[in-house]
Amino acid sequence: MELLHYILLGFLVVCAISVSLSKNLLNSILIYMSYSLIMSIIWILLESPDLAITEAAVGAGITSVLFFLTLKKIHAMMKSDDDEEGEEKDE
């Protein structure tokens with residue numbers, strides 16, 4: 001069981017580093033969601049179900065949805081589609 005804790009903590013460190021090094025905002029949000037879900041699993045293993053539910057609901061749920069809406073609002077999610085259309089028009 002202790003090995004599982006170390007593996008999950010390792011995943012947390014990898015998620016934290018990869019979020020800071022990621023250039024793509026959408027990838028950063030997905031990594032952040034995985035970070036929150038791993039943290040929720042850790043809370044369950046530490047026998048704190050109330051914190052696990054809160055982390056899953058707020059961290060992976062509501063916050064991520066707000067991030068997605070913000071990306072859509074600033075048109076950051078549509079950049080790759082616009083770039084592809086621009087390349088097609090040039091041909």
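What percentage of the 91 residues of the protein chain count as buried? In this predicted model, the buried share is 19%. The protein chain contains four helices and zero strands, and its elements follow the order α-α-α-α from the N terminus. Among contacts in the protein chain with a separation of 6 or more, 55% are between residues 24 or more positions apart.

The packing of the helices α1 and α2 was examined in detail. Helix α1 spans residues 2–21 and helix α2 spans residues 25–45; the angle between the two is about 155 degrees, and their axes lie 9 Å apart. Because angles over 145 degrees count as roughly antiparallel, α1 is roughly antiparallel to α2. The crossing of α1 past α2 is left-handed. By residue class, the contact of α1 with α2 is made up of 16 nonpolar and four polar residues, with no charged residues.

On the α1 side, the contact is formed by Leu4, His5, Leu8, Leu9, Phe11, Leu12, Cys15, Ala16, Ser18 and Val19. These meet Ser28, Ile31, Tyr32, Ser34, Tyr35, Ile38, Met39, Ile41, Ile42 and Leu45 of α2. Leu8 of α1 takes part in this contact; with neighbours within four places in sequence set aside, Leu8 is in contact with Ile38, Ile41, Ile42 and Leu45.

Leu8 also belongs to the largest nonpolar core, which has seven residues. The other members of this core are Leu12, Cys15, Ile31, Ile38, Met39 and Ile42. Two of the partners of Leu8, Ile38 and Ile42, are thus found both among its contacts and in the core. The elements that supply two or more residues to this core are α1 and α2. The largest contribution comes from α2, which gives four residues.

A further position in helix α2 is Ser36. The relative accessible area of Ser36 is 1%, and since residues under 20% count as buried, Ser36 is classed as buried. When residues up to four places away in sequence are not counted, Ser36 touches Glu55, Gly59 and Ala60. Ser36 therefore combines a place in α2 with a buried setting and with contacts to residues beyond the end of that helix, which spans residues 25–45.

Key: Residues are numbered from 1 along each chain as its sequence is written. This is a predicted model: local features need pLDDT of at least 70, side-chain atom pairs count only at pLDDT 80 or more; totals for chains, interfaces and linings use all residues. Side-chain values use heavy atoms; hydrogens and water are left out. Axes are lines fitted to C-alpha atoms, for helices over the stretch in contact, and angles run from 0 to 180 degrees between N-to-C directions. Angles under 35 degrees count as roughly parallel, over 145 as roughly antiparallel, 65 to 115 as roughly perpendicular and the rest as oblique. A crossing is left-handed if the near helix is turned anticlockwise from the far one by less than a right angle, and right-handed if clockwise. Contact means heavy atoms within 4.5 Å. Ala, Val, Leu, Ile, Met, Phe, Trp, Tyr, Cys and Pro count as nonpolar, Asp, Glu, Lys and Arg as charged, and the others, Gly among them, as polar. A nonpolar core is a set of buried Ala, Val, Leu, Ile, Met, Phe, Trp, Tyr and Cys residues joined through side-chain atoms within 4.5 Å. Buried means under 20% relative accessible area, exposed over 50%, partly exposed in between (1.4 Å probe, protein chains only).
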